[in-house]
Amino acid sequence: MKLRRSMLFVPGDNAGMLSTSFVFKPDSVMFDLEDAVSPQEKDSARLLVYQALRHPSYRDIERVVRVNELNTEYGMKDLEMAVRGGADIIRLPKTETAADIELLDRQVTRIEKECGRPSGQTRVMAAIESASGVVNAVSITRASPRMVAIALAGFDYLVDMQSERSGGSEPELFYARAAVLHAARAAGIDAFDVAYGDVNDMDGFMREVLIAKNLGFNGKSLIHPRQIEPLHKAYAPTAKELAFAKRVIQAAEKAKREGLGVTSLDGKMVDPPVIAHAEMVIMRAEAA
Amino acid sequence: MDIVRNAIAGTLESGDVLVKVSPSEDGTLTVHIESEVIKQFGRQIRSTVMETIKALSIGAATVVVSDKGALDCVIKARVQAGLLRGAGATDLNWKVLG
């Protein structure tokens, strides 16, 4: 089980941010070669990200690379670099069908073989940015054993839907959030909520964090380091939740010692899903 | 690899480095380094620049490096980008760029 509350976007051509982002301790850092990098800087950004991937300061942080779409002139070059550089996860933008992930899987497999990385070590995730992507989310999440997460990208999705952010409870994103999250849960992978674009509006950001957390998202894509700490605090369990989680684990361990499949605590059944949730609560508390 | 055109990589922003590459007029390798921390890290910066040039098998070029407090890995990447742009190279050998 991996804690994935925060995925911090870092522009791939920003040397200063690439040199310092690890100090903010996001759960995952996403080096962006796509939208954040202008066409004339793609080559240089690719080399910068390659060096960042290999830098010891990022050793303890999950390193994600957002490549350009594979059918662009940049996509395959980005992928060659990212897999050879040791990226933990490749984030594929604008994923619309399972075939997009299947193609990614085949190319990652080829590159791993060519550069000597263990087969299957490079994981992948899909960013859903359109109505087609939302509709196909179930097949996308199951398109490769490398899939570890799916992310909803709100801006492009709302453009595709001919809608826009309304603030408040954001009904315009409800269906996409629910669809992506259900696809992720059914496939047993993680789900990231949309990035919040106004870094000066912390009230709006926190409103959205609570929506995502209550729906069940593992975390959010983030565009600024200042969003990390409030997000982590929001995901931190209360003392009461932590105490109960510890009791669940104790009860489960006791049942295991006694050879029981399930047990109960305070009159409620303690089964694998309850135990998994308790482990997540403890992990979030330790990381908070 | 031959440097066949003028090229620039990087920026003058804090934590970055600007690398200017041009073909050599007399077939020699000339490297000029400017840095706000030249007294403390000048030797290390030069070592990184020279190793990067050597790894790409550049024998003749003029390379001007303006450092703004960049990490070694940033200097390496920007020098690589400048040289590859100057050589017009598109197929990268990632083992050499390591």
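1. A residue is called exposed here if 12 or fewer other C-beta atoms lie within 10 Å of its own, and buried if 20 or more do. By that criterion A239(A), E253(A) and R257(A) are exposed on one side of helix α11(A), the side away from its buried residues. These assignments should be read with the reminder that the model is predicted.

2. The buried residues of α11(A) are A245(A), V248(A), A251(A) and A252(A). They lie on the same side of the helix, because the arc they cover around the axis is only 125 degrees. In general, an α-helix has 3.6 residues a turn, so residues three or four places apart point the same way. The cover over the buried residues of α11(A) includes the strands β9 (263-265) and β10 (268-270) together with helix α12 (272-287), which also belong to chain A.

3. The length of α11 (residues 239-257) of chain A is consistent with its residue count, because 19 residues at 1.5 Å a residue should span 27 Å and the end C-alpha atoms are indeed 27 Å apart. Just after this helix, G259(A) adopts a positive phi of about 75 degrees.

4. A second place to inspect is P225(A), which sits in the loop that runs between β8 (219-222) and α10 (228-235) of chain A. With 18 other C-beta atoms within 10 Å, P225(A) is partly exposed. Leaving aside residues up to four places away in sequence, P225(A) touches L8(A) and F24(A). P225(A) and V199(A), although 26 residues apart in sequence, are 9.3 Å apart in space from C-alpha to C-alpha.

Definitions and conventions:
Residues numbered from 1 in each chain as written. Chains lettered and ligands numbered in written order. Predicted model: local features only at pLDDT ≥ 70, side-chain atom pairs only at ≥ 80, totals over all residues. Helix = DSSP H or I, 4+ residues; strand = E, 2+ residues; numbered from the N terminus. Contact = placed C-beta atoms within 7 Å. Expected span 1.5 Å × (residues − 1). Arc of directions from axis to C-beta.
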